[in-house]
Amino acid sequence: MSGQNIISIGGQSFRPGEKGGVELPIGSLIDYQAVTMSVHVRRSRKEGPTLLLTAGIHGDELIGVEILRRLVKSRRLQSLRGTLIVVPVVNMPAFLSRSRYLPDRRDLNRLFPGSPDGSLGGRLAATFVDEIVSASDYAIDFHAGAVARPNLPQIRISPGDEKGLEMAKAFKPPVIMETGLRDGSLRSTFVKNGIPSLLYEASEAYRLDPASVRYGLRGVFSVMQHLEMLPPSRVQKEPKSRTMVASGTTWVRAPQGGLLTSLVDLGKGVNPGTKLGHVGDPFGRHETPVVSDVEGVVIGINREATADEGDALFHIATFRNPERAEAHILRSEEILEEHTDPLT
Ligand SMILES: [Zn+2]
């Protein structure tokens, strides 16, 4: 942990002031070639915590890969305290095949903490936990929505993770929510190891939208300032905006199969009875409205033009005052635009 003087990953030692890369061997693929996990380690001479940043657990979710690509070349890291461990692509076999899943169609995020004698994914997970998680004090893991299902930038925290909530507030995303732990997820491994963690969700698979990249990068720097790994900003203080913590989330599903038309966008405040869209039959005879039955804000949308009955269409984070939540989200977008502070 942070007190120790040497961090050792994959048999490579890093002392304070040292930085470098490690290629962790995780197995071999059908072409008989070894596949590795690339790990960047950057240690300051100045003592401080160890922050782990990971992306690409799902191989088609690229937003975090881009955020971490920009982060590792940022000049702001010259004033780093403590240690950064950055793994831009945790699941290289899935990344290479441009897939969410491992080559055996399993979800790496259900295989933690893994097993050294298990499947390729199980071995990968075990190596990751043994070499990387064990060396970390705090963590941020980056994800994106599925194909054609974009997410409003949001931070998910684990139930009862109080330090995680403080980190989430420092990250300043449009929306924070507490979500339950799934067996085998990296988040549940963080909780078992007592590591406060954030999960950033934004954009959709295969896409890099600029606002989601900027929210993510700004968020990492803000959390590093909160952990005193970076000095406070010299740029003018951002206006204080209330952090919006959702009390829960729910999906509005297709009441009927057919052609889907959405009438709302991400960030829209809705109430019970708000018409979110409609599903029509291809022959012009029927049209069924899709109606919200909760109050909250749209944080995820299904952008496919067709839906079967029961398909998840609109992801709503529940808020008592949807109008205020919508205004807060709009304001956080404006702040992001106004502040062209030196990100790199
Ligand atoms: Zn994911």
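This passage walks through the two domains of the chain, a four-stranded sheet and the surroundings of one helical residue. The model is a predicted one, and everything below should be read with that in mind.

We start with the overall layout. The domain assignment splits the chain into domain 1, covering 7-226, and domain 2, covering 246-331. Measured out between their C-alpha centres, so to speak, the two sit 30 Å apart. Where they touch, domain 1 puts in 10 residues and domain 2 puts in 13 residues. On the domain 1 side, two elements supply two or more residues each, namely β8 (151-157) and β9 (175-178). Of the elements there, β8 gives the most, with three residues. As for chemistry, this side of domain 1 is made up of six nonpolar residues, three polar ones and one charged one.

Next comes the sheet. Four strands line up in the order β16-β15-β13-β18 to make an open sheet with antiparallel pairing. Its edges are β16 and β18 (306-307), each of which pairs on one side only. At one end of the order, β15 (residues 275-280) runs antiparallel to β16 (residues 287-291), and five bridges link the two strands. One pair to look for in the structure is G277 with V290, its bridge partner in β16. β15 and β16 also form a hairpin, with six residues between the strands. In that turn, G284 has a positive phi of about 75°. At the other end, β13 (residues 258-262) pairs with β18, again in the antiparallel sense, over two bridges. Here L259 stands opposite T306 of β18.

Finally, back to domain 1, which spans 7-226, for a look at A170. This residue belongs to helix α4 (residues 162-171). Is A170 buried, exposed or partly exposed? A170 has 17 C-beta neighbours inside 10 Å, so it counts as partly exposed; the buried class would need 20 or more, and the exposed class 12 or fewer. Which residues does A170 touch, leaving aside those up to four places away in sequence? They are S222, V223 and H226. A170 can also be set against F221: the two are 51 residues apart along the sequence, yet their C-alpha atoms are 9.3 Å apart in space.

Notes
Residues numbered from 1 in each chain as written. Predicted model: local features only at pLDDT ≥ 70, side-chain atom pairs only at ≥ 80, totals over all residues. Domains from an automatic or database assignment. Contact = placed C-beta atoms within 7 Å. Nonpolar A, V, L, I, M, F, W, Y, C, P; charged D, E, K, R; others polar. Pairing = 2+ DSSP bridges.
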